Amino acid sequence: MSDRIVGLLTLVVALAFFASATQLEMPFFSDPLGPKLFPMLVSGVAMIAGTMMLLNPDAEPEWPVFSTFIKLFITSIILIIYAYTLKPFGFIFPTAVASAAISFQIKPNLTKSIIIGTCLSVILFLIFKFALGLGLFAFPKALIG
Amino acid sequence: MELFANLALGFSVALSPNTLMLAVVGCILGTIIGALPGLGPSNGVAILIPLSFSLGLDATAALVLMTSVYYGAMYGGRISSILLNIPGDEPAMMTTLDGYPMAKKGQAGNALVLSGVASFVGAFLATIGLMLLAPILARVAFLFGPAEYFALYLLAFCTLGGLGSKNQAKAALSVCLGLGISMIGVDKSTGLTRFTGDNLHLYDGIDFLVAIVGLFAVSEVFIFIESHGKNSSIGVKLEKVTIPFKMIYQTKWTMLRSSIIGFIAGVLPGAGASLGSFLAYMSEKSLAKDKEKFGTGDPRGIAAPEAGNNSAAGGALVPMLTLGVPGSGTTAVLLALLMTLNITPGPLLFTERPEVVWGLIASLLIANIVLLILNVPLVKVFSRVLQVPAAILLPGVTMISFVGIYSLSGSYFDLLLMILFGIVGFFLRKMDIPTVPVILGILLGSHMEVSLRRAMVLSDGDFTYLFSSPISIGLWVAAIIGFIVPIFLRRLLTISK
């Protein structure tokens, strides 16, 4: 079933890609097929591959149980929040929280996770800032002025 | 004679104290990365590339550092294969077959030393092969026009897809995904924007490093969280390590044969180290008179895949340097490194930047000797790495990936893209859709398109031009064979089972 869904999805995306490629304007100079040709070829191959998966799916992969999916979802959310906070909040605080949270996903032990998060964050900051010379800020710019 | 002059140039670059130090650091880092379960050479090199830029190294130095990491990771992959029965990376898979049983028999030390020596033999012979073959191939590559390059890229995708996946449709899908991503952004020859959805962030296209780190490193974190607890296996304690001279002597022909097989597998574009170790193991098994001993801890079963995979790692550098077509996932990552350093691999590299090529080759030879020294007497130290708990390792890997990508552009958009690639990578891997072709597609997509368009301009839109020279016809035939033959081989294998 998963293969069929992905096959169908591929087919739809490839069709959209193909349609979008045909809308590209043609240049005036002598490039006979211009920027259209390659996207059209690739989406053609993708459509064949998608159809094959739709018609001839493999055995169902072993999907994780629901609770694991929740874990993975939480991890993704943590990472997304981390991506947004890294700049405004400085390096140390978001990194400590994010690593502690990931560590907690792997081994649910709150105290240990917090210790791991804090240590990782400080050690990595020292390495990045002083050994590699990256322009990171430890704390929010507003705090350090 | 030219070879020696070139080598002398190479060593003059590689033996400078700075470069030498980078090689040693790279080897140590690489061995650690290779030994950590789940962090293979491609992941390791991928997360380190952005950081190596921030060091402000010049092209040769960065290349020496990263290839030492690459060679080191190929060595290190065997440690967890032998002690934990978990391959540190894909090519080290075959080493678990005899390595772990041998370790269970109380010969873990012997297995590690033997595999270290076999790795050395494989990598050393492959570097010699690289020295001899690369300049010849570079000369042939001068004959390549756009039609030939188009066919060559096709060959790389077909062999990589054909051999790297159990399902040809999935491999093709993955290639198309990569090529599709490579087309996002401003089309260089016309200035038109394509497939950006009017998102300003996408006008420059998607940086391949973002995709690589996302697909390889971030998806690994997801896979680990998902499979956590399942792969637990009982590790074998490492007792005293001695050098098993007799065992090494007995397997000398095995190592030699496997190195040759591995090298050839590595040179094939798209095939790479996993194929090298597989073919080396299988051919030793079929040559042996006592086949039943394989799988029970036979020294030949360790020497063969290790010589094979390290030799293939060296062989994979041949098409990468001379044609710009990587032979494996990790060399694809190294190609990404070259492209970011503004070095265009290809025949011109050998004539225009000889110090880069020969400096690299000389430092590979040096790295090999360093690795032998690190991996035989110090193997016990590296085996400690296995004890790093996942609850520390994985957050660490994630943060290094984030900072690496963040240091490239300083944009949160790239970080979000990287997470997206991580999620996509997780689903691809769960569904058995290979991720390496996606990377290769992103890396080679624009080159492939440029070749095709040049060919069309030259021939005024005549498609038969693509098949007009003997070289391009040969490449097309090889591509079709490379894509189709594995289907029949798999059928044969399942029938004979």
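## Tour of the chain A and chain B interface

Select both chains and display the contact between them: 62 residues of chain A touch 62 residues of chain B. Keep in mind while viewing that this is a predicted model. The area buried between the two chains is about 5200 Å², and carbon and sulfur atoms give 83% of that area.

Next, look for charged pairs. The rule finds 2 salt bridges across the interface of chain A and chain B. To see one of them, select A:Asp58 and B:Lys170, where the closest N and O atoms are 3.0 Å apart. Polar contacts can be shown in the same view: 6 residue pairs across this interface are found in polar contact, both partners being at pLDDT 80 or more.

Now colour chain A by helix. At least two residues of the side that touches chain B come from each of helix H1 (2-22), helix H2 (37-55), helix H3 (66-85), helix H4 (92-106) and helix H5 (110-131) of chain A. Which helix gives the most to this side? Select H3(A), which supplies 11 residues. Recolour the side of chain A that touches chain B by residue class, and the division is 42 nonpolar, 12 polar and 8 charged.

Hide chain B and view chain A alone. Chain A has 6 helices and 0 strands, so a trace from the N terminus runs α-α-α-α-α-α. Turn the C-alpha trace along its principal axes: the spans are about 60 × 50 × 25 Å. The radius of gyration of chain A is 24 Å, whereas a compact globule of 145 residues would have one near 15 Å. Colour by accessibility next; 43% of the 145 residues of chain A count as buried. For contacts within chain A between residues at least 6 apart in sequence, 54% join residues at least 24 apart.

Bring chain B back for two backbone stops. The first stop is B:Phe195, in the loop between strand S2 (193-194) and helix H8 (208-227) of chain B. Phi of B:Phe195 is near 55 degrees, a positive value in a residue other than glycine. Is B:Phe195 buried or exposed? B:Phe195 counts as buried because its relative accessible area is 18%, under the 20% cut-off.

The second stop is B:Asn342, in the loop between helix H14 (329-340) and helix H15 (347-352) of chain B. Here too the residue is not glycine and phi is positive, near 65 degrees. B:Asn342 has 69% relative accessibility and therefore counts as exposed, the cut-off being over 50%.

Note on methods
Residues are numbered from 1 along each chain as its sequence is written. Chains are lettered from A and ligands numbered from 1 in the order in which they are written. This is a predicted model: local features need pLDDT of at least 70, side-chain atom pairs count only at pLDDT 80 or more; totals for chains, interfaces and linings use all residues. Side-chain values use heavy atoms; hydrogens and water are left out. Contact means heavy atoms within 4.5 Å. Buried area is the accessible area (1.4 Å probe) that two parts lose on being put together, summed over both. A salt bridge is a side-chain nitrogen of Lys or Arg within 4 Å of a carboxyl oxygen of Asp or Glu. A polar contact is a pair of N or O atoms within 3.5 Å; within protein, one must be able to donate a hydrogen and the other to accept it, and residues adjacent in sequence count only if both atoms are side-chain atoms. Helices (H or I, at least four residues) and strands (E, at least two) are DSSP runs, numbered from the N terminus. Ala, Val, Leu, Ile, Met, Phe, Trp, Tyr, Cys and Pro count as nonpolar, Asp, Glu, Lys and Arg as charged, and the others, Gly among them, as polar. The radius of gyration is taken over C-alpha atoms; the globule rule is 2.2 Å times the number of residues to the power 0.38. Buried means under 20% relative accessible area, exposed over 50%, partly exposed in between (1.4 Å probe, protein chains only).
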